[in-house]
Structure formats: C-alpha cells, structure tokens
Amino acid sequence: METKGKDSAHTTLLKANQDHFDEQSTKWDDDPEYVKVSRTSYATIMHHLGRFLSSRDDDHPTNILNFGCGTGLLEDQLRSNVTSITGIDISHGMILRMNTKIQNESWTNVTALQMDILDEVQTSLLQVQGFDMIISCYTFHHLQDVTAVGGALLKYLKPGGYLCIIDFAAASTENNDVHYHHTQHDHQQEQDEQHQPLGMKLSEAAKASIGSHDGFSKRFLIDYYKSVLDLENVTVEDATPLNCDGIEYSTVIAYGQKKK
C-alpha cells in the first residue's frame with residue numbers, strides 16, 4: 001500500500017510538472033530571466049567542473065546527460081565544450097522546442113528525449129553507464145523522491161563520472177537578509193506535504209526522500225551525496241546567486257564522483 005501511494009504521488013506531481021512546463025515552453029526562451037539562469041548555470045559548471053570536460057576533438061571524449069534540460073538553453077552553451085550532450089525532460093513542449101533547435105541550428109552532438117527517469121521502459125533509450133557526467137540545474141526542487149531519482153541517474157553514470165546538481169539553497173534562520181526560492185507553479189498545493197521543517201536532522205531528511213520546494217541546505221546535500229548515493233570526492237559549495245527582478249536568490253552546487 002505504501003509503494004502504491006508513493007507511485008501515485010509521483011504520477012500526480014509528474015503530471016502537474018508536465019502540464020506546467022508544457023504551457024511555459026512556448027514562451028520560455030523569450031523570458032530574459034530564464035536566459036540569465038542558463039548563462040549563470042553554464043558559468044558555474046565551467047568554473048567548478050570545466051577541467052573534467054573535453055570537446056569532441058579531444059582524445060578523451062566527454063558525454064553529458066542533462067536531467068531537466070528544458071528547451072536546451074544550457075545545451076546551446078555547453079555543446080562546444082563536450083563530445084556529446086543528451087538532454088532529457090518530462091515536458092513534451094520543452095523537448096519539442098529543443099528538437100527544433102537541434103534540427104534548425106545543426107546541433108550535431110546534441111540529443112533531446114522526453115522521458116520520466118523512473119520509467120524503465122522510457123529510459124531504455126539511454127545507455128547504461130554511458131555518461132561521463134550528469135548535470136541537473138534547478139530541477140531537483142521539483143521532485144518528490146530525490147533518493148529514487150538520484151539512484152536512477154547513477155545507473156547511467158560511468159564509474160569515476162560526476163553527478164552535479166545546481167539548485168536553490170534552503171532558507172536559513174541564520175540569515176534573514178537573503179531571499180530564498182519559493183515556487184509559484186500550479187502544483188503549489190503539493191508544497192505543504194513536501195516541505196521539510198528547517199530543524200529536521202539531515203539524516204532524517206535524506207531518509208524522507210522528499211525534495212523541498214524551498215531548496216536544499218549544504219548539510220542535506222552532503223548527506224545525500226555521501227550516505228544516500230554513496231559518492232566520493234564530494235564538494236558542496238555556494239553557487240552564484242540568481243538576481244531576478246531585483247531579488248537575490250541563494251543557490252548551491254553539489255558534485256561527487258561515482259566510485260570506480
């Protein structure tokens with residue numbers, strides 16, 4: 001019964017996310033704030049992980065999986081720095097827009113696929129242990145079960161490869177001068193059930209397997225990477241804040257290496 005309930009909650013939230021981002025997809029690229037987020041994400045990735053990337057002309061290829069790729073704003077910037085990049089997203093509208101760019105702008109080393117990472121039939125299109133790096137920017141705060149998703153993603157990461165997450169930082173009672181992300185999506189009613197108390201111990205938060213819509217604390221991400229996903233060489237740091245409409249949002253980057 002518990003598993004069925006969990007599956008039902010996943011399906012409900014998945015559909016809400018699909019509907020929201022399908023509706024947003026036609027105007028996504030026209031919003032300067034989303035363009036700004038993609039540029040900031042690219043700069044953050046290159047600053048922290050650029051040394052691990054190799055272009056298509058290098059002897060050591062780098063194949064990237066981007067979980068939650070949207071319309072491909074990040075792929076457009078990253079494709080010249082890697083051998084190949086595969087973007088996946090649950091939104092048909094987002095993938096449609098990205099595939100149009102791939103065709104019209106000759107992104108020869110980019111692939112876009114619509115899929116639910118927890119659906120084994122859909123993910124059969126992905127090569128097991130086929131990616132040198134998996135990245136995800138501002139997607140995890142939309143998830144209900146971060147443990148299941150993280151475990152699913154690791155299936156496609158090569159031993160020695162890196163999983164990188166960039167997302168909003170969780171609100172802190174220690175700093176009242178910084179604004180933190182708070183979703184305004186149509187599935188807002190899900191938030192009350194998913195919001196984690198600020199005082200919850202991180203080990204308990206990891207076991208809860210629920211993504212906070214307000215973002216993630218560094219302690220949570222360290223525990224998540226080391227204890228839940230069993231990654232090594234873990235780094236969790238403040239990332240470049242996002243300044244949208246004059247409001248600064250605190251962000252965090254986490255990356256770790258799959259054991260060989």
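## Starting at threonine 111

Let's begin with one residue: threonine 111 sits in strand E3. Keep in mind that this is a predicted model. Is threonine 111 buried, partly exposed or exposed? Its relative accessibility is 37%, so threonine 111 counts as partly exposed.

Which residues does threonine 111 touch, once its neighbours within four places in sequence are set aside? The contacts are Ile85, Thr86, Gly87, Met98 and Ile102. Another pair to look at is threonine 111 and isoleucine 88: they are 23 residues apart along the chain, and their C-alpha atoms are separated by 8.5 Å.

## The chain as a whole

Zooming out, the protein chain contains 8 helices and 7 strands. Of its 260 residues, 53% are buried. Take the contacts in the chain with a separation of 6 or more: 70% of them involve residues 24 or more positions apart.

## The sheet

Where does E3 fit in? It belongs to an open sheet of 7 strands with mixed pairing, and the order reads E3-E2-E1-E4-E5-E7-E6. Strand E3 (110-114) stands at one edge and strand E6 (232-244) at the other; each has a single partner strand, so one side of each has no neighbour in the sheet. On average, and ignoring direction, neighbouring strands here are turned by 15° against each other.

Now pick out one pair. Strand E5 (residues 157-168) and strand E7 (residues 247-257) run in the antiparallel sense, paired over 7 bridges. If you want a landmark there, find isoleucine 166, which stands opposite isoleucine 253 in E7.

## Helices across the strands

Two helices are worth tracing over the strands. Helix H2 (residues 32-49) lies across strand E4 (131-137), E5, E6 and E7, and runs at about 150° to E6. Helix H5 lies across strand E1 (63-67), E4 and E5, running at about 145° to E5.

## Where H5 meets H8

H5 also has a helix partner. Two packed helices are described by the angle between their axes and the distance between the axes. For helix H5 (residues 146-154) and helix H8 (residues 218-228), the axes come within 11 Å and cross at roughly 50°. The two helices are therefore oblique to each other. The crossing in which H5 passes H8 is right-handed.

What residues make this meeting? From H5 come Val146, Thr147 and Gly150, and from H8 come Phe220, Tyr224 and Val228. Sorted by class, the contact has 4 nonpolar residues, 2 polar ones and no charged ones.

## The loop between E3 and E4

Back to E3, and on into the loop that follows. Aspartate 119 is placed in the loop between E3 and E4. With a relative accessible area of 25%, aspartate 119 is partly exposed. Its C-alpha atom is separated by 9.4 Å from that of alanine 152, and the two residues are 33 residues apart along the chain.

Glutamine 129 also lies in the loop between E3 and E4. Its relative accessibility is 39%, so glutamine 129 counts as partly exposed. Check its backbone too: glutamine 129 has a positive phi of about 55°, although it is not a glycine.

## A positive phi in E6

Where else can you look for a positive phi? Asparagine 233 has one of about 50°, although it is not a glycine. Asparagine 233 lies in strand E6, and strand E6 is an edge strand of the sheet.

Notes
Residues are numbered from 1 along each chain as its sequence is written. This is a predicted model: local features need pLDDT of at least 70, side-chain atom pairs count only at pLDDT 80 or more; totals for chains, interfaces and linings use all residues. Side-chain values use heavy atoms; hydrogens and water are left out. Axes are lines fitted to C-alpha atoms, for helices over the stretch in contact, and angles run from 0 to 180 degrees between N-to-C directions. Helices (H or I, at least four residues) and strands (E, at least two) are DSSP runs, numbered from the N terminus. Angles under 35 degrees count as roughly parallel, over 145 as roughly antiparallel, 65 to 115 as roughly perpendicular and the rest as oblique. A crossing is left-handed if the near helix is turned anticlockwise from the far one by less than a right angle, and right-handed if clockwise. Contact means heavy atoms within 4.5 Å. Ala, Val, Leu, Ile, Met, Phe, Trp, Tyr, Cys and Pro count as nonpolar, Asp, Glu, Lys and Arg as charged, and the others, Gly among them, as polar. Two strands pair if DSSP finds at least two bridges between them. Buried means under 20% relative accessible area, exposed over 50%, partly exposed in between (1.4 Å probe, protein chains only).
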